[in-house]
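Subject: Structure handover

Hello,

Below is the structure I said I would pass on. My notes on it follow.

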Amino acid sequence: MKEAKEGVMSVLTYIDSPFKLLVVVLLGMLGSISYFAYQNQGLFLSVYMKSQELPKLNDTQFDDAAQLIFRQTGAEIVTIFSVNPMLNRRILLRAYQKDGSREKRLEGMDVGLFTTNQANNSDVVKLMSSEVPCGDYTRPQSEAGLWYIQQGVAYTCRVSVPPDIHQFIGQITAGWKEKPDVHYATDILTIAANKLVKDRK
């Protein structure tokens, strides 16, 4: 116990400038991310092993999938991403508004997959496990998230493409002003996600 107190005191006496405080905070964040990666290493390994067998996104179906979600659930926005878990990339390919128009300035943006936001990281693990995470949307994590809020979005659901375990090549996010019928919305999102998988023939 005495050694632990001495260790804490030595760290506190080390922090005598804003720069050193920033370094300690960044090291703490890096440690948290590393711990998260270590705890989920089995999942990451299985994703890597499947990476050679993954299907491809069918970009000819993007518009149809988005319109299905708008028509059936009353969503305000629909976004479609390509995902590469091994490179920690999540690239926004389409950003649709309910009138069918696109927010092209956001398209091509890499918003990252795992971030310092633990809630986001938890959702990503759920997506990899073929779950459809839904919840209140109050905290943007990127410029795309700011756009969601500007469109009045207060509730979102995400689904992996395809919606199968360990085949995470893309993501669809739908947003609403109010909480929808979640069971129905997740069913529609799953149907839309299946539309985005290219036939392997």
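The largest cavity has a volume of about 200 Å³. Please keep in mind that this is a predicted model, and that everything below is computed from it. The cavity count, for volumes of 30 Å³ or more, comes to 1. Which residues lie closest to the centre of the largest cavity? They are R90, Y137, S142, Y148 and R158, out of 15 residues in the lining. Two or more lining residues come from each of α6, β4 and β5. Of the elements, α6 gives the most, with 3 residues.

There is also a pocket to look at. The largest pocket has a volume of about 250 Å³ and a lining of 14 residues. A119, D123, D136, Y137 and Q141 are the ones nearest its centre. Helix α5 (118-128) and the strands β3 and β4 each supply at least two residues to that lining. Y137 therefore appears in both lists: it is among the residues closest to the centre of the largest cavity and among those nearest the centre of the largest pocket.Next, the sheet. It is open, has 5 strands in the order β2-β1-β5-β4-β3, and its pairing is antiparallel. The edges are β2 (89-97) and β3, each with a single partner strand, so one side of each has no neighbour in the sheet. From one strand to the next the twist averages 20°. As general background, strands of a sheet pair through backbone hydrogen bonds, either parallel or antiparallel.

Strand β5 (residues 170-176) is joined to β4 by 7 bridges, the two running antiparallel. Between β1 and β5 there are 6 bridges, also in an antiparallel arrangement. Some individual bridge partners in β5 may be useful if you want to check the register. F81 is partnered with Q171, V159 with I172, and C157 with A174.

Is β5 mostly covered or mostly open? It is mostly covered, with 7 of its 7 residues buried. The burial holds on both faces: G170, I172, A174 and W176 are buried on one side, and Q171, T173 and G175 are buried on the other. In a regular strand the side chains alternate between the two faces of the sheet.

Two helices lie across the sheet strands. Helix α6 (residues 143-150) lies across β1 (77-84), β2 and β5, and runs at about 165° to β1. Helix α7 (residues 182-195) lies across β3, β4 and β5, at about 35° to β4. Strand β5 is thus listed under α6 and again under α7.

On covalent links, the disulfide count comes to 1. The bond is between C134 and C157, with an S to S distance of 2.0 Å. The link is right-handed, with 115° about the S-S bond. What does this pair tie together? C134 lies in strand β3 (residues 134-136) and C157 in strand β4 (residues 155-161), so the link connects parts that are 23 residues apart in sequence. The two cysteines can be set side by side for exposure. C134 is partly exposed, at 29% relative accessible area, whereas C157 is buried, at 0%. The value for C157 is under the 20% cut-off for buried, and the value for C134 falls between that and the 50% above which a residue counts as exposed.

Finally, some backbone details in the loops. The peptide bond from V161 to P162 is cis, with omega near -10°. P162 is in the loop between β4 and β5. If you set up a simulation from this model, that is the bond I am referring to.

Two residues that are not glycine have a positive phi. N88 has a phi of about 55° and is found in the loop between β1 and β2. Its relative accessible area is 30%, which makes N88 partly exposed. S130 has a phi of about 65° and lies in the loop between α5 and β3. S130 is partly exposed as well, with a relative accessible area of 31%.

Regards

How values were computed:
Residues are numbered from 1 along each chain as its sequence is written. This is a predicted model: local features need pLDDT of at least 70, side-chain atom pairs count only at pLDDT 80 or more; totals for chains, interfaces and linings use all residues. Side-chain values use heavy atoms; hydrogens and water are left out. A disulfide is a pair of cysteine sulfur atoms within 2.5 Å. Helices (H or I, at least four residues) and strands (E, at least two) are DSSP runs, numbered from the N terminus. Buried means under 20% relative accessible area, exposed over 50%, partly exposed in between (1.4 Å probe, protein chains only). Two strands pair if DSSP finds at least two bridges between them. Axes are lines fitted to C-alpha atoms, for helices over the stretch in contact, and angles run from 0 to 180 degrees between N-to-C directions. Contact means heavy atoms within 4.5 Å. On a 1 Å grid over the protein atoms alone, a cavity is a set of points where a 1.4 Å probe fits but cannot get out, and a pocket is an open set with protein on both sides within 12 Å along at least five of seven lines; lining residues have an atom within 4 Å of a point. Grid points are joined across faces, edges and corners, and a volume is the space filled by probe spheres set on the points.
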